[in-house]
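Student: I'm new to this one, and I'd like to know what stands behind the words people use for it. Can we go through it together?

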Amino acid sequence: MILQVDHLSKSFGDRVILSEASFRINDNEKFALIGANGIGKTTLLKMIAGEELPDSGRVILASDTTIGYLPQQLGYHSDLSIYEELFAVRNDLTEQEKRLRELEVEISEADDVSRQALLKKYDALNYDFEQKDGYTYKSRVLGVINGLGFAGDAMHTCINNLSGGQKTRVALGKLLLQEPDLLILDEPTNHLDMTSVSWLENYISSYSGSVLIVSHDRYFLDKWATHIVELDNRDLITYKGDYSSYAKTKELRRKTLINDYKKQQQVIKHEEEVIKKLRQFNREKSIRRADSRQKMLDKIDRIEKPIDTDNSMHFSLEPAVISGKDVLDTDNLSKAFDDNLLFSDVNISVKRGEKVAIIGDNGTGKTTLLRMIAGTESITSGTITLGTNVEIGYYDQEHGILHDEKTMFEEIQDDYPYLTNTEIRNTLAAFLFTEDDVFKTIGSLSGGEKGRVSLAKLMLSEANLLLLDEPTNHLDIQSREILESAIKDYAGTVICVSHDRYFIKNTAQRILDLTDKRFIDFSGGYEYYLEKKDELKSRLSGGAASDSSSDSPSDNPTKSKASETKLDWQEQKRIEASRRKLQKEFDETEAKIDRLENEISEIDALLCTPEIGTDLAKLRELTDSRDSKSDELASLMDTWEALSIQLEEV
C-alpha cells in the first residue's frame, strides 16, 4: 500500500464534497480520478497532497513516500531557460559528476599512499552515480524536453517569457524527472497537443511509481489506467481496469441496481397490500399476522432508488435552413504573421453534412484557419468561398464572443432579443444555470461555465456550418458525451479543431492533419487516420506534398490541382538521401558512444586494481587516456543531441 484514503469527509458550508469516502492505491498502480466538474476532485487531490485539511478521516501514506503534485493552475517564475530548469532537477547528479572529474585529477596527482584511498572513494561514488542512472540522465532530460514539445531552439527560451500553458508543461516535465513514488496530476493534458499527449501516455504507462491523475480525456485514460476511482454522490467508488472497462461495468451495475430496486419495490408493495388487507379483517389473529409481517418488512435493507440526476446538459443542434451542397471552398489559401508562414496554397472543399476534424501540433495554425473562415482573421493570400445559404456558428476556445461585463442572462438576451424571459431561463437551465446563477457576470465564470454559455449561444444560432475550436476543453466526460451525441445528430456541417481523440473518433468522418505547413486529407474517421497516417506522411515527407493531399483522391472531395498533388521525384530523392545520411551519422555516433563508454569502464576497472595503484607511470597513462576519452565522449554526446534533433525535424 502506498496511499490509503480512510473515511474522508469534507464540506464547504452546506455543500458536502465527501462523506466517509475511502479508497487505496498500491505500489505501481495507476489510478484515474473522474467525476463531474465542480464535484470536488481537485479538493480531494489537495487533501492527499497535504494542501487542504479534511473535516474528518485520514490520508495515510506509506513511510518515506515522496509525492509529486501538479495542480491545474500554478504561479511559476524563473530566469532560467527550459533546458537549464529541467537539467537543474538532477543537480545531485551534476554535482556527483563534477566530483568524479575532480577525483580523477586528484588520483592522477596523488602519491602512492593517498591514491588507494582516493580510488576507493572514486569507486564508491562512481557506483552510486551509475546506480542513479547518472550516465543516461542527460538523454532522459532531453527526451522529456522533446516529448513536451520544446525541441530545437524552443528549449532555450526563458521560462518567464512562456505562456501559462507552456509554464505548466515545464512544471510537468520537472515533476516527471523527479520521479516521486506517487505522481499526482490534475488535468495534465489541458495544455498538450496530440503528439505530446501520446508521448505522456507512454511515459506514464512505463512509470515505475504509482500515479493518481484527474482527466476527462477518455482516450488518454484507456492507454494507462489500471483503476478508475469515481467521485459520485459524495462517495468514492473504485473500478478495476481502464475507462472503457469502467464505462461497461458502471452501465451493467446501474442496470442491475435498477432491476434490483424494481423487484424489491414489487415485494414491498405486495407486503404492504397484504398487511393492509389483514388489518381490514379486524380480527385478533389477523392483526397479529399483520404486525408480524410489518416487523419483517421494517427489517428489509431497502435499496435506494437509483437517481438519474438532472445535472447534465440536454440540448440539440438544429440548422434553421439547409445550405447548398457546396459549403466551403478555399483556393490557394495562405496565412503568415510577418515572417512566420503558418500554411500556404491550401485548397479545401467541404460538402454539406460533412463532419471534419482538423488536427496538428500546437501553434501550427488550426485556430487561425477557423478564424479566417469565420471572418475574424485576415487572409494573407488566396480566397475563401462560402456556399449558398451558409450560416456560420462559431465556438471560440478563448470565448472571445462572450462579454465579461454582461450577465449570462444579458449575453443571451442581447443576441436573441426575440426570446422571452422564460425562454432565456429555460435555455440556460438546459446548460445547468438555474435561479440566480443566470445573473452571474461572464467574467466571474470558470472556463467550463463559459464553455457552456458558448454552447448555449451556438444552439440558439441555428447555424448550418459549425466552426468548433476545442469545444471539449473544460467539459467533464458526461458533458463531452452529450456534445458528441448532439453533433452526430446534427443535420448541418461541422469543422472542428480538437485534441480530444475520443471526441474525434466519435464525431469525425474526415481528418485534416496540418503538418509541415500543409493539410493532409484523410477521407475517413480517426481509426482510418491512425492506420494510414504513417504510410501517407512517409510518401509526402519533406514538405513536397501539396496541401490537402488525399489518401484516396478518386473519392475525396478535396480540390487539388494535378500538378500540386504530385511529388517532385528529384526533390523527394534528395530529401530521402539526406535523411539516410543523417540516420547513418546518428547510428555511427551512437556506436562510438557505446564503444567509448565501454573503454572508460574498462579503464575505471583497471584503476581500481592494486597493481595499477602502485605503478605511477601506468596510472598516469590510464588517467590521461580516460580524460581524453571523456572529452571525446562529451563531444560525441553534443553531436548525438544535434543529430537527434535534426532527425526529428526531418
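Student: Where is Ser286 found, and why is Ser286 called buried?
Tutor: Ser286 is found in helix α10, which covers residues 284-298. Helices are DSSP runs of H or I with at least four residues, strands are runs of E with at least two, and both are numbered from the N terminus. As for burial, buried means under 20% relative accessible area, exposed means over 50%, and partly exposed is in between (1.4 Å probe, protein chains only). Ser286 has 4% relative accessibility, so Ser286 counts as buried.

Student: What kind of model are these values computed from?
Tutor: This is a predicted model: local features need pLDDT of at least 70, side-chain atom pairs count only at pLDDT 80 or more, and totals for chains, interfaces and linings use all residues. Residues are numbered from 1 along each chain as its sequence is written, and side-chain values use heavy atoms, with hydrogens and water left out.

Student: Which residues does Ser286 touch?
Tutor: Leaving aside residues up to four places away in sequence, Ser286 touches Leu278 and Phe281. Touching here is a contact, meaning heavy atoms within 4.5 Å.

Student: What makes Leu175 a buried residue?
Tutor: Leu175 has a relative accessible area of 8%, which is why it goes down as buried. Leu175 is found in helix α6 (residues 164-178). Not counting residues up to four places away in sequence, its contacts are Gly68, Tyr69, Leu70, Pro180, Leu183, Ile184 and Leu185. Take Gly68: it is 107 residues away along the chain, yet the two C-alpha atoms are separated by 6.2 Å.

Student: How do you know that helix α11 is mostly covered?
Tutor: Just count: seven of the nine residues in α11 (366-374) are buried. They are Lys366, Thr367, Thr368, Leu369, Leu370, Met372 and Ile373. Right after α11 comes Gly375, with a positive phi of about 85°.

Student: And which residues of helix α1 are buried?
Tutor: In α1 (residues 41-49), the buried residues are Lys41, Thr43, Leu44, Leu45, Met47 and Ile48. Just past α1, Gly50 takes a positive phi of about 85°.

Student: Why is the pair Asp326 and Lys351 called a salt bridge?
Tutor: Side chains of opposite charge can pair when their charged atoms come close. The rule asks for a side-chain nitrogen of Lys or Arg within 4 Å of a carboxyl oxygen of Asp or Glu. For Asp326 and Lys351, the closest N and O atoms are 2.4 Å apart, and that makes the pair a salt bridge. Asp326 lies in strand β10 (326-337) and Lys351 in strand β12 (349-351), so the pair ties together parts that are 25 residues apart in sequence. Asp326 has 37% relative accessibility, so it counts as partly exposed. Lys351, at 25%, counts as partly exposed too.

Student: What about Asp500 and Arg480: how do their side chains meet?
Tutor: They meet in a salt bridge, with 2.7 Å from N to O. The pair links distant parts of the chain, with Asp500 in the loop between β17 (493-497) and α16 (501-507) and Arg480 in helix α15 (477-489), 20 residues apart. Asp500 and Arg480 are both buried.

Student: How many residues apart are Arg595 and Glu599?
Tutor: Four, about one turn of helix α19 (residues 569-607), where both lie. Their side chains form a salt bridge at 3.2 Å, N to O. Arg595 has 38% relative accessibility, so it counts as partly exposed.

Student: How many salt bridges does the rule give?
Tutor: The count comes to 34 salt bridges. Some join up: Glu97, Arg101, Glu104 and Arg626 are linked in a network.

Student: What does the protein look like as a whole, in helices, strands and span?
Tutor: There are 21 helices and 20 strands. The C-alpha trace spans about 115 × 75 × 45 Å along its principal axes. Of the 650 residues, 45% are buried. Among contacts between residues at least 6 apart in sequence, 70% join residues at least 24 apart.
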